[in-house]
Amino acid sequence: MTWIDERLRLRELKDRFSMPSEYPPWHPSLVFSPTVTSKYTTLAPTSGTMNSYSTIKTTVECQTNAWKYPFESFTCTLSVVPEGDETLTVTQFHDLRTHTQKLLTNVFLGDYPTCSLEFIFKSEWPRALLSSFLPSILIISAVFFAQWKRRKIQILVSLSAMVGILIMLCSQRPYTATTLMDLWLCSNFITAVFLVLVDLTLPARRVRYTLMVHVDEEKKKTSQVKILTGSDTENTGPLRYVNHVIDYLMKKEYKPRTTIVTACPGPTPIQRQITTAMLGNRKRAALFCILLCYLCFLLIYAIIVIVID
């Protein structure tokens, strides 16, 4: 702060000096929040100009919106208020910090009539990206890829994913309120639950045909077994008439075809079962719906993160 006190004009002195503590000069009646840590005043004796420097070095509580975690912004306020009816305004503001410090924390002047400085900085959300977002996405991806394995593997991977996401949800709670991190982990947990329900309710695979081959050890002969082809297996059930129409439009001859498989004779009887299987249509449709909903959630969540500030 700078002001002129004509009573302190000392023409015999020329150099500026600090005011001794035995002679405290007049100061404007100002209230700092937080309180001033140290203060010293200098005097220019030729003109009576007083320069007062107030230093604040303390820890203050910052305000934030808890629901934005881990993308929240913290606002720390330093205010100066006159004790009387005067109005204090700031006409110029010079930030003497380095460029690196300016990038870490932004400073803005408060709105009139308050005289304040607002320090705003964002939380370290890249750490949450490595500790929560990326692991949860990998866990859900592992559950989706496990659908092409056996049902035991599917259920085991799905249950493990549920337990892992539940542990992450319970451990990362810096606020008591519901946050964006809770929304993210809960949505991943619900996705894992739906995948488990699909594994338990819908058949994992659809068997198309089974081949049994027997070899007679005494006669050293093999029995030929017929395998039903696609036209024999797929044109059954409630959709067989639709398949007939499609085959007719594609100008296919609707004749049953067979394939002969012969097993080579060996020293011991051989009994072999060959099964061609694939994911059932109902399960594939259910997995596609869950994947589509999960992608929509990712898009909506990204939009929320972008527009919250």
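These legends describe close-up views of a predicted model.

**View 1. Four strands form an open antiparallel sheet.**
The strand order is S3-S6-S8-S7. Strand S3 (30–33) and strand S7 (106–109) are the edge strands. Each of these two pairs on one side only. Neighbouring strands are turned by 15° against each other on average, direction ignored. Strands of a sheet pair through backbone hydrogen bonds.

**View 2. S7 pairs with strand S8 at one end of the strand order.**
S8 covers residues 115–122. Four bridges link S7 and S8 in the antiparallel sense. Phe-108 stands opposite Glu-118 in S8.

**View 3. Strand S5 pairs with both S1 and S4.**
Strand S1 (residues 2–4) and strand S5 (residues 49–55) are antiparallel, with three bridges between them. In this pairing Ile-4 faces Thr-49 of S5. Strand S4 (residues 38–44) also runs antiparallel to S5, and seven bridges join the two. Here Leu-43 lies opposite Met-50 in S5. The hairpin of S4 and S5 has four residues between the strands. Gly-48 in this hairpin takes a positive phi near 75°.

**View 4. Asn-51 is a buried residue of strand S5.**
Asn-51 has 12% relative accessibility, so it falls under the 20% limit for buried residues. Its side chain makes a polar contact with the side chain of Thr-2 at 2.9 Å. Leaving aside neighbours within four places in sequence, Asn-51 is in contact with Met-1, Thr-2, Arg-16, Tyr-40, Thr-41 and Thr-42. Asn-51 and Ile-4 are 47 residues apart along the chain. Their C-alpha atoms are separated by 8.8 Å.

**View 5. The largest nonpolar core has 29 residues.**
Phe-71, Phe-133, Trp-184 and Tyr-301 have the most contacts inside this core. Four helices give two or more residues each: H2 (125–145), H3 (151–171), H4 (180–201) and H7 (281–307). H4 supplies the largest share, eight residues.

**View 6. Tyr-301 is in contact with Phe-71, Phe-133 and Trp-184.**
These three are, with Tyr-301, the residues with the most contacts inside the core. Tyr-301 is also in contact with Leu-180, Met-181 and Leu-183. Neighbours of Tyr-301 within four places in sequence are left aside here.

**View 7. Ser-187 is a buried residue of helix H4.**
Its relative accessible area is 15%, so Ser-187 is under the 20% limit. The side chain of Ser-187 reaches the backbone oxygen of Leu-183 at 2.8 Å.

**View 8. Arg-7 and Asp-5 meet in a salt bridge.**
The N to O distance between the side chains is 3.0 Å. The two partners differ in burial: Arg-7 is exposed at 67% relative accessibility, whereas Asp-5 is buried at 10%. The model has four salt bridges in total.

**View 9. Asp-95 and Arg-97 form a salt bridge between partly exposed residues.**
The side chains meet at 3.0 Å, N to O. Asp-95 has 24% relative accessibility. Arg-97 has 23%. Both values lie between the 20% and 50% limits, so both residues count as partly exposed.

**View 10. Arg-173 forms a salt bridge with Asp-182.**
The closest N and O atoms are 2.8 Å apart. Asp-182 is buried, with a relative accessible area of 5%. Arg-173 is partly exposed at 41% relative accessibility.

How values were computed. Residues numbered from 1 in each chain as written. Predicted model: local features only at pLDDT ≥ 70, side-chain atom pairs only at ≥ 80, totals over all residues. Heavy atoms only, no water. Pairing = 2+ DSSP bridges. Axes fitted to C-alpha atoms, helices over the stretch in contact; angles between N-to-C directions. Core = buried A, V, L, I, M, F, W, Y, C linked by side-chain atoms within 4.5 Å. Buried < 20%, exposed > 50% of the residue type's maximum accessible area, 1.4 Å probe, protein only. Contact = heavy atoms within 4.5 Å. Polar contact = N/O pair within 3.5 Å; in protein donor to acceptor, adjacent residues only side chain to side chain.
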